[in-house]
Amino acid sequence: MQVCMLVRNTCTHDARVIKEARTLAASGHNVTVIALKSTEAPSTENRDGFIIKRVPVRPLHYLLFRKSSSKPTSDNKRTPVIETPRFPKWAKFLYKKIPLLTFWPHQLLLMQDYFIRSIFVASKIKPDVIH
């Protein structure tokens, strides 16, 4: 049976998920864990008989406020550099005045982006069970 597990962390130290995936893999199931991508963890990892696939999260509101520029290198070629999101002054002001109202939409957009990307990866795996 093909089992796909979705987690909202990098799954590097999530003992609960690792133990469950290891047990399912030992029982003869094909297990794939879809997790969040981080800079430290590899995109794909084989561990104890199961596969961990990590997806990047790039929500739309980050892309809207991100500033793109270019930076010269030692050989005088310009390489593109993408900086962290720079939110406009009205967004910073709103966040300072009403932090709860701006925090929850941000978290919802992050969850939505992760969910869409995870389902896309899971659809390629064609699992019998999604957990």
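Two strands pair if DSSP finds at least two bridges between them. The views below show a predicted model.

**View 1. Strands β3 and β4, an antiparallel pair.** Strand β3 covers residues 44-47, and strand β4 covers residues 50-55. The two are joined by 4 bridges and run antiparallel. One of the positions to inspect is T44, whose bridge partner in β4 is K53.

**View 2. The open sheet of 5 strands.** The strand order is β3-β4-β2-β1-β7, with mixed pairing. Which strands stand at the edges? They are β3 (44-47) and β7 (129-130). Each has a single partner strand, so one side of each is left without a neighbour in the sheet.

**View 3. Strand β2 and its pairing with β4.** Strand β2 spans residues 30-36 and is mostly covered, with 6 of its 7 residues buried. Its pairing with β4 is parallel and extends over 5 bridges. Within this pair, V33 has I52 of β4 as its bridge partner.

**View 4. Strands β1 and β2 with the crossover through α1.** Strand β1 (residues 2-6) pairs with β2 in the parallel sense, again over 5 bridges. In this pairing, L6 is found opposite I34 of β2. From β1 the chain passes through α1 and on to β2, a β-α-β crossover that is right-handed.

**View 5. Surroundings of A21 in helix α1.** Helix α1 comprises residues 15-26, and A21 is part of it. Is A21 buried or exposed? A21 has a relative accessible area of 0%, and it therefore counts as buried, the cut-off being under 20%. Once neighbours within four places in sequence are set aside, the contacts of A21 are M5, V31, V33 and F50. Of these contacts, M5 falls within the residue range of β1 (2-6), V31 and V33 fall within that of β2 (30-36), and F50 falls within that of β4 (50-55). A21 and F50 are 29 residues apart along the chain, while their C-alpha atoms are separated by 6.6 Å.

**View 6. Residues 79-84, a stretch with pLDDT below 50.** The average pLDDT of the protein is 77, and 63% of the residues score at least 70. Over residues 79-84 the value is below 50, although the model gives this stretch 16 contacts beyond near neighbours in sequence. Where pLDDT is low, predicted coordinates should not be read in detail.

Terms used: Residues are numbered from 1 along each chain as its sequence is written. This is a predicted model: local features need pLDDT of at least 70, side-chain atom pairs count only at pLDDT 80 or more; totals for chains, interfaces and linings use all residues. Side-chain values use heavy atoms; hydrogens and water are left out. Buried means under 20% relative accessible area, exposed over 50%, partly exposed in between (1.4 Å probe, protein chains only). Contact means heavy atoms within 4.5 Å. pLDDT is the predictor's confidence in each residue, from 0 to 100. A crossover is right-handed if, with the strands pointing away from the viewer, the path from the first strand over the helix to the second runs clockwise.
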